[in-house]
Amino acid sequence: MFPNERTYLVRMRKIITLLFASPLLVVMIAIVFINVRVYYEEDSAASTTDSINEDLVHTLYGIKDAVNAGADTDMQAIYPEGHVFMNVIYALAWCNAMEKLNTNSEYYRTGYSEIQMCWAKINSKSARTQFEEDLPLAYGAFYTGWSNYLLGRKLSLDRPDQRDPAQLQLFKENCERIAHAIQANPFPVSYYAQAWPADVMPCVASLRLHDQILEAKYKAVVEKWLKTIVTKLDPNGLIPHAVNPLTGKTVESARGSSQSLMLIFLQQVDRELAQAHYQKYKKLFLDTTFGLSGIREYPKGHSGEGDVDSGPVILGYGGAATIVGMQTLSAFGDDQQAAKIRNEVEGLAFGITAGGKKKYFFGTLPMADAFIAWSHTALNKRGNETPSFGAFHLYSSLVFFVGAIWFWILMSPRKPDSKASMNTVW
């Protein structure tokens, strides 16, 4: 072997070794980052008059930046309802935030402007073209429910004498259409022959919202609906993920993603029923692995694949189920668990702030940012909520130690082989 050939082979071996070692180094750096970030603490208030923390404002401004760059349009290419859903969840996050903001602050004015912008997009003809008008509930339960619930939240922020008459009239008309639809069928379809109870929950919640901000009108309708749905539960005694649109019978049993979402709205509709379902939800879906808590996409003892509803499913835990689940846990008073998942999300989703704007997953999935913001802005703070991560640190240390050993073995210099050295002499 010629000397220059040997030099070339040595260099190639070093390059190949580095390629193999680099992922280990990335994993080790990620482990350190996550272990630090799980001790996330809320920053100080956005201003002396606001009770929202600065970090949440940064998150909202990060999403604002993404939406202005067309992220909602991009999401439509990934999710069937991506454009509408992105705008709804982002606007609802601002609705939550504005309850903690001073009405005279710049942040409040920005939030109100963003809600108006999102509502205009959702209420546009182009947004509605994604849905089918000639359904029993025009444009389906998903579009009507979410758009009307957002409209109700917006109207609740307005002073009664400052509410837009056209928006107020539309809200009333939508509520009337929803009331007629759920009396005819407890689970109106979102698309032809496809019905998901999670899409109906915002519909019913908007009726409750109507009775809170306007005159009490739909109490009997809602109570009748509640009596009907408890006869159509899945084998676990929970509201199904999907149902037969004609009979209301279970097509797919409860899943973590839809349960996390439905319980938030069900609590607004009927606290007692929601509490009973929440206890079953915790038993079946809340779990801990390697010292980290999360919400399983499928009940304990069952497994399944991820889809557009669940997002990624990793070790059985659903991305959407867990992110929305931190809001669900907080809504039912489990603030310690909610704070733990919030801190885990801060680490695992790599939340990074730059230039006054915070983004997760390196800004690659704005829809996830919107859901994180929606859940985070809804969290209650009732006392000491500092979570413990002792078990997670133990597991992390073990993985880090094994990774460090392998990295050292790969990168440590090797003694030259005497036989190979002899072959270079010619």
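In this predicted model, the buried part of helix 14 takes in Asp-335, Ala-338, Ala-339, Lys-340, Ile-341, Arg-342, Asn-343, Glu-344, Val-345, Glu-346 and Gly-347. That makes eleven buried residues out of 14, and the helix is mostly covered. The geometry of helix 14, which runs over residues 335–348, checks out as well: at 1.5 Å a residue it should span 20 Å, and its end C-alpha atoms do sit 20 Å apart. Just after helix 14 comes Phe-350, with a positive phi near 50°.

Stepping back to the whole protein, there are 17 helices and eight strands. The chain has 426 residues, and 49% of them are buried. As for contacts between residues at least 6 apart in sequence, 67% of these join residues at least 24 apart.

Helix 15 (residues 366–378) can be put through the span check too. Its 13 residues should cover 18 Å at 1.5 Å a residue, and the end C-alpha atoms turn out to be 19 Å apart, which agrees. How enclosed is helix 15 by the rest of the structure? Largely so, because twelve of its 13 residues are buried. The list starts with Pro-366, Met-367, Ala-368, Asp-369, Ala-370 and Phe-371, and it goes on through Ile-372, Ala-373, Trp-374, Ser-375, His-376 and Thr-377.

The loops on either side of helix 15 hold some exposed residues. Phe-362 lies in the loop between strand 8 (357–359) and helix 15. At 63% relative accessibility, Phe-362 counts as exposed, the cut-off being over 50%. Its backbone is worth a look too, since the phi of Phe-362 is positive, about 60°, although the residue is not a glycine. Most residues other than glycine have a negative phi. On the other side, the loop between helix 15 and helix 16 (390–411) contains Ser-388, which is exposed with a relative accessible area of 55%. Ser-388 is 52 residues away from Gln-336 in sequence, yet the two are 9.3 Å apart in space, C-alpha to C-alpha.

Phe-290 is another non-glycine residue with a positive phi, in this case near 55°. It belongs to the loop between strand 3 (286–289) and strand 4 (292–295). With a relative accessibility of 48%, Phe-290 counts as partly exposed, a class that stops at 50%.

Turning to helix packing, helix 2 (residues 54–68) and helix 4 (residues 82–98) pack at about 150°, with 11 Å between their axes. An angle over 145 degrees counts as roughly antiparallel, and the pair is therefore placed in that class. The crossing of helix 2 and helix 4 is left-handed. On the helix 2 side, the contact uses Leu-60, Tyr-61, Ile-63, Lys-64 and Val-67, while helix 4 contributes Met-86, Asn-87, Tyr-90, Ala-93, Trp-94 and Ala-97. Sorted by class, this contact has nine nonpolar residues, one polar and one charged. As a general point on spacing, an α-helix has 3.6 residues a turn, so residues three or four places apart point the same way.

Helix 4 also packs against helix 5 (residues 106–122); here the axes come within 9 Å and cross at roughly 155°. Helix 4 and helix 5 are therefore roughly antiparallel to each other, and their crossing is left-handed. Helix 4 brings His-83, Val-84, Asn-87, Val-88, Tyr-90, Ala-91, Trp-94, Cys-95 and Met-98 to the contact, and these meet Tyr-107, Tyr-108, Thr-110, Gly-111, Tyr-112, Glu-114, Ile-115, Met-117, Cys-118, Lys-121 and Ile-122 of helix 5. By class, there are 14 nonpolar residues, four polar and two charged in the contact of helix 4 with helix 5. Asn-87, Tyr-90 and Trp-94 of helix 4 take part in the contact with helix 2 and also in the one with helix 5.

Finally, there is Gln-259, found in helix 11 (residues 256–269). Is this residue buried or exposed? Gln-259 counts as buried, because its relative accessibility is 2%, under the 20% cut-off. Setting aside neighbours within four places in sequence, Gln-259 is in contact with Leu-238, Ile-239, Ala-254, Tyr-281 and Phe-285.

Terms used:
Residues numbered from 1 in each chain as written. Predicted model: local features only at pLDDT ≥ 70, side-chain atom pairs only at ≥ 80, totals over all residues. Heavy atoms only, no water. Helix = DSSP H or I, 4+ residues; strand = E, 2+ residues; numbered from the N terminus. Expected span 1.5 Å × (residues − 1). Buried < 20%, exposed > 50% of the residue type's maximum accessible area, 1.4 Å probe, protein only. Axes fitted to C-alpha atoms, helices over the stretch in contact; angles between N-to-C directions. Parallel < 35°, antiparallel > 145°, perpendicular 65-115°, else oblique. Left-handed = near helix turned anticlockwise from the far one by under 90°. Contact = heavy atoms within 4.5 Å. Nonpolar A, V, L, I, M, F, W, Y, C, P; charged D, E, K, R; others polar.
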